[in-house]
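Work through the following exercises with the sequence and the model open side by side. Each task is followed by a solution that goes step by step.

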Amino acid sequence: MTNRVRLVAGLIAVGVAAALAVRFSLTMDEKQIGLLGAMWSDYRFFTIWANTLVGVVCVGLALGRAMPQWVTAGMALAIALVAGVYHALLAEGRNLQGLDWAVDLMVHTIIPAAYIGLWLVALPKNRLGWRDLLIWAALPLVYSVYAIGRGAVDGVYPYFFLNVTNLGAAGVAAWVAGLAGVFLVAGAGMVLSVKARSLRS
């Protein structure tokens, strides 16, 4: 792993840490709660989980650790889903300002673009295989179960498409299946591109 890759990964990790620290601070001020309460509140969102996991992976890369390819590719899929769903379904009509706007930009646009760019340009992909698809597709399913379970307890759902109260179980199941399908299709595209490249070489 080159020093340049380690440097870029380190910068992404620092960006994630800074964005999350500010996000937790804003939540503490807004809700008048402590750090643990703010973290509990914010970790309701897939955006926070995905950015955290990207940060962890980038810390490993910055330290020169050889991360499994299914992990680095899976994080590219997860953070791409964060950016894609946000900009396609959730961003319209939001009027954020100041630090809220800056954090929103970081976790939904800058960090996803930086990590996906790092993965595309510099991280190895030659060992990706079809078995990885099941692991990748499981990520949105596991998160959805977690988020819906929390919502069933306190009545607060992080995203409209997981709101069982409004959409019903069938409606939410359709959305979750669609998100898992996006992971499968995008993941299949990754694997196909890797196999096509190996055939040409």
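**Exercise 1: a salt bridge from a loop**

At 8% relative accessibility, Arg-44 counts as buried, where buried means under 20% relative accessible area, exposed over 50%, and partly exposed in between (1.4 Å probe, protein chains only). This is a predicted model, in which local features need pLDDT of at least 70 and side-chain atom pairs count only at pLDDT 80 or more, while totals for chains, interfaces and linings use all residues. Residues are numbered from 1 along each chain as its sequence is written, and side-chain values use heavy atoms, with hydrogens and water left out.

Task: determine which side chain meets that of Arg-44 in a salt bridge.

Solution. Apply the criterion, a side-chain nitrogen of Lys or Arg within 4 Å of a carboxyl oxygen of Asp or Glu; the side chain of Asp-154 satisfies it with Arg-44, at 3.1 Å from N to O. Next, place the two residues: Arg-44 sits in the loop between helix H2 (35–42) and helix H3 (46–62), and Asp-154 in helix H6, so that the pair links distant parts of the chain, 110 residues apart (helices are DSSP runs of H or I with at least four residues, numbered from the N terminus). Finally, Asp-154 is partly exposed, at 37% relative accessibility.

**Exercise 2: the salt bridges of helix H5**

Task: find how many salt bridges the rule gives, and describe the one that joins Arg-23 to Asp-100.

Solution. The count comes to 3 salt bridges. In the bridge between Arg-23 and Asp-100, the N to O distance is 3.3 Å; because Arg-23 belongs to helix H1 (residues 3–31) and Asp-100 to helix H5, the pair ties together parts 77 residues apart in sequence. Arg-23 is buried at 17%, whereas Asp-100, at 30%, is partly exposed. Asp-104 and Arg-94 also meet in a salt bridge, at 3.0 Å from N to O.

**Exercise 3: the crossing of H4 and H6**

Task: state at what angle the axes of helix H4 and helix H6 cross.

Solution. The axes of H4 (residues 69–90) and H6 (residues 132–154) come within 10 Å and cross at roughly 40°. The two helices are therefore oblique to each other, since angles under 35 degrees count as roughly parallel, over 145 as roughly antiparallel, 65 to 115 as roughly perpendicular and the rest as oblique. For the contact itself (heavy atoms within 4.5 Å), the residues of H4 include Trp-70 and Leu-77, and those of H6 include Ile-135 and Trp-136.

Terms used:
Axes are lines fitted to C-alpha atoms, for helices over the stretch in contact, and angles run from 0 to 180 degrees between N-to-C directions.
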